[in-house]
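Reader: I would like to learn how to read helix packing and empty space in a model like this one. Could you take me through it step by step?

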Amino acid sequence: AALLPPTTSCRPAVLQTGRQEATLTTCKQNTSRQVLSLLPVYLLQLCYGMNSGFPAILTPQLAEPCSEFGISTDQESWIVSLDNLLAPLICIASGFLQQKFGPLRILMFSCIPYTVGWVTAALATDASHLYISRIFVGISHAILSTTVYTIEISSKELRGSF
């Protein structure tokens, strides 16, 4: 029994023939649990990706004369770049917040600015609403990009693969 690896490890080791199948099943179960646990992180990354591409579709439409409200070239550049304005400061604050409240709670909190950003963009009636939307999305992405939740959830053998 001393030669058997711990149940959280998926490294091949010297195993008795009868126990090999059980250990491989346990490794597959642990891997699938880790992947399912990381699914919310990847869904939030998908949300950021969609919101990053949103200005590429939105700004040309707002520049047309028949749009709901018009924007200038200067406003267009602000809409495209505002999500990165606060990112350095929020990234620094995120590390302290994760240390105080835990990575999972901060990860769950990052859903709030995303939601506020998308709702604000959906209800926008002028360029200032889009500015606010982009700032909220930037805050959420800065929190998400510094999360250590992935490292805490993953086993040592799988850390590099996520």
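Author: What follows looks at helix pairs and then at a pocket, and please keep in mind throughout that this is a predicted model.

Reader: How are two packed helices described, and at what angle do helix 2 and helix 6 cross?

Author: Two packed helices are described by the angle between their axes and by the distance between those axes. Here the axes of helix 2 (residues 73-81) and helix 6 (residues 127-145) come within 8 Å and cross at roughly 20 degrees. Since angles under 35 degrees count as roughly parallel, helix 2 and helix 6 are therefore roughly parallel to each other. Their crossing is left-handed, and the contact is made by Gln-75, Trp-78, Ile-79 and Val-80 of helix 2 together with Ala-127, Leu-130, Tyr-131 and Arg-134 of helix 6. By class, this contact of helix 2 with helix 6 has 6 nonpolar, 1 polar and 1 charged residues.

Reader: Are helix 5 and helix 6 roughly parallel or roughly antiparallel to each other?

Author: Helix 5 and helix 6 pack at an angle of about 160 degrees, with their axes 8 Å apart, and they are therefore roughly antiparallel to each other. Helix 5 passes helix 6 in a left-handed crossing. The residues that meet include Cys-111, Pro-113 and Tyr-114 in helix 5 and His-129, Leu-130 and Ile-132 in helix 6. By class, the contact of helix 5 with helix 6 has 11 nonpolar, 6 polar and no charged residues.

Reader: Which way, left-handed or right-handed, do helix 3 and helix 6 cross?

Author: The crossing of helix 3 and helix 6 is right-handed. Helix 3 (residues 87-101) packs against helix 6 at an angle of about 50 degrees, with the axes 8 Å apart, and the two are therefore oblique to each other. Ala-87, Ile-90, Cys-91, Ser-94 and Gln-98 in helix 3 meet Ile-139, Ala-142, Ile-143 and Ser-145 in helix 6.

Reader: How is empty space found, and which helix gives the most to the lining of the largest pocket?

Author: Rolling a probe the size of a water molecule over the atoms shows where empty space is left. In this model, about 170 Å³ of space lies in the largest pocket. Helix 1 gives the most to the lining of the largest pocket, with 4 residues, while helix 1 (17-63) and helix 5 (111-122) each supply at least two residues. Among the lining residues are Phe-54, Leu-58, Glu-68, Ala-121 and Leu-130, and the lining as a whole divides into 8 nonpolar, 2 polar and 1 charged.

Technical notes: Residues numbered from 1 in each chain as written. Predicted model: local features only at pLDDT ≥ 70, side-chain atom pairs only at ≥ 80, totals over all residues. Heavy atoms only, no water. Axes fitted to C-alpha atoms, helices over the stretch in contact; angles between N-to-C directions. Parallel < 35°, antiparallel > 145°, perpendicular 65-115°, else oblique. Left-handed = near helix turned anticlockwise from the far one by under 90°. Contact = heavy atoms within 4.5 Å. Nonpolar A, V, L, I, M, F, W, Y, C, P; charged D, E, K, R; others polar. 1 Å grid on protein atoms, 1.4 Å probe; cavity = no way out; pocket = protein on both sides within 12 Å on 5 of 7 lines; lining within 4 Å. Points joined across faces, edges and corners; volume = space filled by probe spheres on them.
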